[in-house]
2 protein chains.
Amino acid sequence: MRQKITLKEISRRFNVSISTVSKALKDSPEISEKTKEIIQAFAKEHHYKPNNIALSLKNQKTKNLGIILPEIVHYFFSSVITGIERLATEKGYNVIVCISNESFDKEVINMQMLANGSIDGFIMSLSMGTENKQDFHHIKEVINQGMPVVMIDRVTDQVECDKVIIDDFQGAYNAVTYLIESGRKNIALISMPDYMSVGNLRTQGYRKALEDNGIEVDDNLIVKVEDPYGGSEVIEDLLVNHTVDAVFGVTEFFAVSAMKIAQKMGKSAPEDISIIGFTDGIISISSSPSLTTVSQGGEEIGEKAADLLIKRLEDPDYENRPFVTEIIKSSLVKRESTL
Amino acid sequence: MRQKITLKEISRRFNVSISTVSKALKDSPEISEKTKEIIQAFAKEHHYKPNNIALSLKNQKTKNLGIILPEIVHYFFSSVITGIERLATEKGYNVIVCISNESFDKEVINMQMLANGSIDGFIMSLSMGTENKQDFHHIKEVINQGMPVVMIDRVTDQVECDKVIIDDFQGAYNAVTYLIESGRKNIALISMPDYMSVGNLRTQGYRKALEDNGIEVDDNLIVKVEDPYGGSEVIEDLLVNHTVDAVFGVTEFFAVSAMKIAQKMGKSAPEDISIIGFTDGIISISSSPSLTTVSQGGEEIGEKAADLLIKRLEDPDYENRPFVTEIIKSSLVKRESTL
DNA sequence: CTGAAAGCGCTTACAG
DNA sequence: CTGAAAGCGCTTACAG
């Protein structure tokens with residue numbers, strides 16, 4: 001059972017042509033039962049499986065999906081991959097994962113690398129670098145070449161393609177409204193820079209919720225943190241220098257950081273300070289107290305994106321359909337960090 | 001700039017042969033400067049890049065690495081992928097990720113799917129199902145076909161191949177010794193079933209540390225949890241019904257669960273109860289108090305595994321070298337949950 | 001019922 | 001300096 005066996009080898013073994021072997025293995029009615037039997041038996045015994053690369057070249061499709069994500073170690077994006085992988089495998093596709101590491105350049109290189117025939121389509125979420133730069137030529141180029149792209153979560157209006165996002169604005173709006181309804185007045189916001197599409201939307205949701213409830217937005221209570229896993233100094237400044245009875249963090253990391261800093265200052269959640277985060281991940285469950293969060297349904301986003309992409313690849317009807325933007329509903333998961 | 005352009009199209013455009021175009025684009029000395037110039041200019045203008053699939057078929061190598069992991073949403077394995085991806089991209093390889101979801105059957109299917117020519121080699125960690133079943137024929141088969149495999153973290157003696165693991169025994173030994181040195185006497189262990197290689201080794205490290213310090217192992221203080229993200233009832237039982245002044249969890253999730261349950265019972269860490277986990281991930285940092293853990297160096301494992309695999313694929317000297325087992329050193333990261 | 005031929009996109013040893 | 005041919009592994013329309 002050394003080395004993979006090929007049609008050629010089987011054909012030589014029985015002194016027939018490669019075509020005959022190929023057809024016999026596909027159980028073609030063109031071939032005699034007897035020939036089929038011996039060839040099939042032999043192939044089975046030797047674990048023959050057609051070579052994927054040869055099939056890809058022949059069929060002009062690879063059955064590979066290219067995934068480009070900013071990072072993968074944290075809950076949201078890893079759950080997205082989990083969702084994509086499940087649906088893809090189910091439909092007979094493999095998943096090639098590239099990580100842009102929040103860098104524009106790596107995102108471009110990754111796309112170009114995969115676009116040279118390795119995959120049939122892309123699922124991607126913009127890196128911070130790309131959102132900052134607002135340069136999407138690499139994505140447009142790939143789309144121009146006829147390769148479908150599905151953007152998820154961090155998307156842009158500048159590119160026309162299928163998209164899967166959550167209702168960032170509404171999710172934030174609901175969270176902040178909940179804080180207000182439970183009597184909080186001085187609600188701080190820990191967000192990302194405005195060039196980040198999701199940070200921007202969540203910030204807008206926060207503002208709108210305050211306005212709709214007759215609370216004036218106090219810009220001193222809003223901080224925007226560049227590093228997704230940093231910001232502790234700014235947050236500490238915020239909590240030390242201002243009266244804050246609630247914090248809405250646009251990521252679960254920001255929320256838990258705020259909670260820990262508040263705890264160090266002797267404040268306890270939810271009594272002294274209410275906390276809500278975004279992304280219902282491990283952090284939210286493991287923190288003490290556990291965190292109320294806006295769930296982001298990463299797996300659902302991944303599955304939906306893979307579904308859209310594969311439909312476009314396979315279903316002839318889908319080919320010329322207009323692009324859609326699927327909006328996954330978020331929900332507020334109430335835990336111990338709020339009353 | 002529609003559709004990808006091929007050598008054939010370029011050759012037609014200039015009425016030359018495909019061979020000439022191919023050579024011209026490789027800047028072959030066989031071709032005249034003038035021809036090279038015009039062809040290269042045209043190719044550049046049209047963003048010509050050779051088709052990866054065609055190259056794969058021709059070269060009999062795909063430049064793809066197949067990765068099969070039990071899951072990916074939690075810190076350890078996602079950091080492993082991050083490490084693999086970084087090294088792989090650096091060396092010009094892509095990474096195809098499959099998730100076995102802890103199931104033997106899925107692991108087998110994934111391997112067979114990728115082994116049909118899609119990849120040049122595997123990096124894998126055993127699913128719980130496989131460890132339980134102790135059936136490794138799918139891995140041996142792939143190796144027999146001449147495809148290199150690197151096993152990481154959850155490995156087995158039954159398969160001969162390169163391996164990258166951490167010093168599970170020693171890491172556990174050091175953690176428990178640290179608890180003993182800080183004066184703890186009743187140290188509970190929350191582990192996995194014994195068929196899990198890493199759980200088993202960590203359990204042994206725990207036992208040995210107690211023995212070496214003249215503390216008798218009390219089997220009542222040892223629980224083995226099947227579900228990696230469950231076990232709260234058993235842990236509660238343990239803490240309620242026994243005197244426990246320290247807990248060593250073989251995962252960070254087990255450790256934080258124990259801590260939260262202890263807190264609910266009115267005990268506080270580290271004063272009443274010391275806690276140490278395994279895997280230095282987000283949970284450990286985000287919990288309150290933050291968790292002392294045995295760091296597992298996921299990215300380092302990933303990088304090392306990718307390095308071993310690529311070396312075996314590329315370096316002719318490596319081909320017949322004996323298999324190696326790289327042991328990554330763990331370290332005890334001290335935080336607030338211990339004194 | 002079986003096989004030769006063309007083709008997917010590319011490379012390269014060999015002729016001319 | 002250029003091109004025809006063979007080949008990577010497979011499929012399929014077409015001949016015989």
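A salt bridge is a side-chain nitrogen of Lys or Arg within 4 Å of a carboxyl oxygen of Asp or Glu. The legends below refer to a predicted model.

**Figure 1. Salt bridges between A:Glu85 and B:Lys106 and between B:Glu85 and A:Lys106.** The side chains of A:Glu85 and B:Lys106 meet with an N to O distance of 3.4 Å; this value lies within the 4 Å limit, and the pair therefore counts as a salt bridge. Side chains of opposite charge can pair when their charged atoms come close. For B:Glu85 and A:Lys106 the N to O distance is likewise given as 3.4 Å. That pair crosses between chains, running from helix α5 (residues 75-90) of chain B, which holds B:Glu85, to helix α6 of chain A, which holds A:Lys106. Across the interface of chain A and chain B, 4 salt bridges are found, and a search of the whole structure returns 36 over all chains.

**Figure 2. The interface of chain A and chain B.** In this view, 56 residues of chain A are in contact with 56 residues of chain B. About 5,000 Å² is buried between the two chains, with carbon and sulfur atoms giving 55% of that area. On the side of chain A, the residues that lose the most area to chain B are A:Ile53, A:Asn116 and A:Gln145, which together make up 13% of what that side buries. Between chain A and chain B, 23 residue pairs are in polar contact, with both residues at pLDDT 80 or more. Several elements of chain A each supply at least two residues to the side that touches chain B, among them α4 (52-59), β2 (94-99), α8 (137-144) and α12 (252-264). Helix α5(A) gives the most to this side, with 7 residues. By class, the side of chain A that touches chain B consists of 22 nonpolar, 25 polar and 9 charged residues.

**Figure 3. Surroundings of DNA strand C.** There are 28 residues around DNA strand C, of which A:Thr20, A:Lys23, B:Leu7, B:Ser22 and B:Tyr48 come nearest. Among the strand atoms within 4 Å of the protein, 59% belong to sugar or phosphate, and the rest belong to bases. In the side chain of A:Ser19, an N or O atom is 3.0 Å from a base nitrogen of the strand. B:Lys8 instead approaches the backbone of the DNA: an N or O atom of its side chain is 3.1 Å from a phosphate oxygen. For B:Ala54, a polar backbone atom is 3.3 Å from a base nitrogen of DNA strand C. Two or more residues of the surface near this strand come from each of α2 (18-25) and α4 of chain A, and from each of α1 (7-14), α2 (18-25) and α4 (52-59) of chain B. The largest share, 4 residues, comes from α2(B). This surface divides into 9 nonpolar, 11 polar and 8 charged residues.

**Figure 4. Surroundings of DNA strand D.** Around DNA strand D there are 28 residues, and A:Leu7, A:Ser22, A:Tyr48, B:Thr20 and B:Lys23 come nearest. Sugar and phosphate account for 59% of the strand atoms that come within 4 Å of the protein. A polar backbone atom of A:Ala54 is 3.3 Å from a base nitrogen of this strand. Chain B contributes polar side-chain atoms of B:Ser19, 3.0 Å from a base nitrogen, and of B:Lys58, also 3.0 Å from a base nitrogen. Helix α2(A) provides the largest share of the surface near DNA strand D, 4 residues. The residues of that surface comprise 9 nonpolar, 11 polar and 8 charged.

**Figure 5. The aromatic pair of A:Phe14 and A:Phe42.** The two rings are arranged edge-to-face, at 5.2 Å centre to centre and with 85° between the planes. A:Phe14 belongs to helix α1 (residues 7-14) and A:Phe42 to helix α3 (residues 33-45) of chain A; the pair links distant parts of the chain, 28 residues apart. Over all chains, a search of the whole structure finds 10 aromatic pairs.

**Figure 6. Backbone geometry at B:Pro270, B:Pro289 and A:His47.** Most residues other than glycine have a negative phi, and most peptide bonds are trans. A cis peptide bond joins B:Ala269 to B:Pro270, with omega about 5°; B:Pro270 lies in the loop between α12 (252-264) and β9 (274-278) of chain B. Another cis peptide bond joins B:Ser288 to B:Pro289, with omega about -10°, and B:Pro289 is placed in the loop between α13 (282-286) and β10 (292-295) of chain B. In chain A, A:His47 lies in the loop between α3 and α4, and its phi is positive, near 50°.

Technical notes:
Residues are numbered from 1 along each chain as its sequence is written. Chains are lettered from A and ligands numbered from 1 in the order in which they are written. This is a predicted model: local features need pLDDT of at least 70, side-chain atom pairs count only at pLDDT 80 or more; totals for chains, interfaces and linings use all residues. Side-chain values use heavy atoms; hydrogens and water are left out. Contact means heavy atoms within 4.5 Å. Buried area is the accessible area (1.4 Å probe) that two parts lose on being put together, summed over both. A polar contact is a pair of N or O atoms within 3.5 Å; within protein, one must be able to donate a hydrogen and the other to accept it, and residues adjacent in sequence count only if both atoms are side-chain atoms. Ala, Val, Leu, Ile, Met, Phe, Trp, Tyr, Cys and Pro count as nonpolar, Asp, Glu, Lys and Arg as charged, and the others, Gly among them, as polar. A residue is near a molecule or strand if one of its heavy atoms lies within 4 Å of it. Rings of Phe, Tyr and Trp (its six-membered ring) pair if their centres lie within 6.5 Å; planes under 30 degrees apart count as stacked, over 60 as edge-to-face and the rest as tilted.
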